[in-house]
Amino acid sequence: MQIMANRKNGNKQISSNRFPIRQIQFGLIIAIGGFLVFMVGARPELFLLDRSPVVGFIQITVMLVGLAFICIGGYLSLVGLWKGNQLSIAAELGVRLISTGFVIAVFSGLADIFGLGSHPTPDFIPYFGKWQARGVQIAEGFIATGMLMMLPYSKNPLFQTQKPSAKSSDNN
């Protein structure tokens, strides 16, 4: 069993296996807080905050803000797992997939507000319909796939990174 002997490097606390513990903890706290905000938007009745039979603009916005915090917190935690090494190409694609998924979620969730949905704003009260829910679910799948791609798989050659060598930086 490895003992976690922490060293202080400036303001960063690094464990004996070189993980930036504070960055990972901070990212997880943001992600869990984002999940709670997401749940307030998605299921306000769990927190005794339900005031309407339909999911309206405010609930959709709160849900999307929570999803944004989940994405940011997950990103911070997963970058910390790379121990300061350069991200692999797959991990970089994962970052872009997370961002793309969030943009899809925003445009799917707020489609009526943007005038893209089946209930445009001037004529109807915008609400969260089944097609919007499917769009947000697909976007969450993109986000989850991106986060899985950001994991540092060290044994798979597709996910390996090379440390910058002193010789390559001297030649430039």
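**Exercise 1. Placing Phe142**

Leaving aside its neighbours within four places in sequence, which residues is Phe142 in contact with? Work this out on the structure above, bearing in mind that it is a predicted model.

*Solution.* Start with the address: Phe142 sits in helix α5, which covers residues 130-150. Next, look for partners beyond four places in sequence; these are Leu97, Gly101 and Ile104. Then take one of these partners, Gly101, and check the backbone: its C-alpha atom lies 4.9 Å from that of Phe142, although the two residues are 41 apart along the chain. Finally, turn to the solvent. The relative accessibility of Phe142 is 33%, and since buried means under 20% and exposed over 50%, Phe142 counts as partly exposed.

**Exercise 2. A second pair across the chain**

Find the helix that holds Thr100, then give the C-alpha separation of Thr100 and Gly146.

*Solution.* Thr100 belongs to helix α3, residues 89-109. In sequence, Thr100 and Gly146 are 46 residues apart; in space, their C-alpha atoms are 9.3 Å apart. For the surface class, Thr100 has a relative accessible area of 38%, so it is partly exposed.

**Exercise 3. The overall layout**

Describe the order of secondary structure elements in the protein, and then say how much of the chain is buried.

*Solution.* Begin by counting: there are six helices and two strands. Reading along the sequence gives β-β-α-α-α-α-α-α. For burial, 33% of the 172 residues are in the buried class. As a last step, consider contacts between residues at least 6 apart in sequence: 64% of them join residues at least 24 apart.

**Exercise 4. Two partners for α2**

Are α2 and α5 roughly parallel or antiparallel? Do the same for α2 and α3, and list the residues in each contact.

*Solution, first pair.* The angle between α2 and α5 is about 10 degrees, and their axes are 10 Å apart. An angle under 35 degrees counts as roughly parallel, so α2 and α5 are roughly parallel to each other. On the α2 side, the contact uses Leu67, Ile70, Cys71, Gly74, Tyr75, Leu78 and Val79; on the α5 side, it uses Glu140, Ile143, Met147 and Met150. Sorted by class, this contact has nine nonpolar residues, one polar and one charged.

*Solution, second pair.* For α2 and α3 the angle is about 175 degrees, with the axes 10 Å apart. Angles over 145 degrees count as roughly antiparallel, so that is the label for α2 and α3. Here α2 brings Ile60, Leu64, Leu67, Ala68, Cys71 and Tyr75, while α3 brings Val95, Ile98, Phe102, Ala105, Val106 and Gly109. The class count is 11 nonpolar, one polar and no charged residues. If you compare the lists, Leu67, Cys71 and Tyr75 of α2 appear in both contacts.

**Exercise 5. The largest pocket**

What is the volume of the largest pocket, and which element gives the most to its lining?

*Solution.* The volume comes to about 280 Å³. Its lining has 18 residues, and those nearest the centre are Ala42, Arg43, Val55, Met63 and Phe128. Moving from residues to elements, α1 (21-42), α2 (57-80) and α5 each give two or more residues to this lining. The top contributor is α5, with four residues. To finish, sort the lining by class: 10 residues are nonpolar, four are polar and four are charged.

**Exercise 6. A buried glutamine**

Where is Gln59, and is Gln59 buried or exposed?

*Solution.* Gln59 is part of helix α2. With a relative accessibility of 15%, Gln59 counts as buried. Not counting residues up to four places away in sequence, Gln59 touches Gly41, Pro44 and Val54.

**Exercise 7. Unusual backbone angles**

Check the sign of phi at Leu48 and Lys83, and locate both residues.

*Solution.* Some background first: most residues other than glycine have a negative phi. Leu48 has a positive phi of about 55 degrees although it is not a glycine. Leu48 lies in the loop between α1 and α2 and is exposed, with a relative accessible area of 79%. Lys83 also has a positive phi, near 55 degrees. This residue is found in the loop between α2 and α3, and at 32% relative accessibility Lys83 is partly exposed.

Definitions and conventions. Residues numbered from 1 in each chain as written. Predicted model: local features only at pLDDT ≥ 70, side-chain atom pairs only at ≥ 80, totals over all residues. Heavy atoms only, no water. Buried < 20%, exposed > 50% of the residue type's maximum accessible area, 1.4 Å probe, protein only. Contact = heavy atoms within 4.5 Å. 1 Å grid on protein atoms, 1.4 Å probe; cavity = no way out; pocket = protein on both sides within 12 Å on 5 of 7 lines; lining within 4 Å. Points joined across faces, edges and corners; volume = space filled by probe spheres on them. Nonpolar A, V, L, I, M, F, W, Y, C, P; charged D, E, K, R; others polar. Axes fitted to C-alpha atoms, helices over the stretch in contact; angles between N-to-C directions. Parallel < 35°, antiparallel > 145°, perpendicular 65-115°, else oblique.
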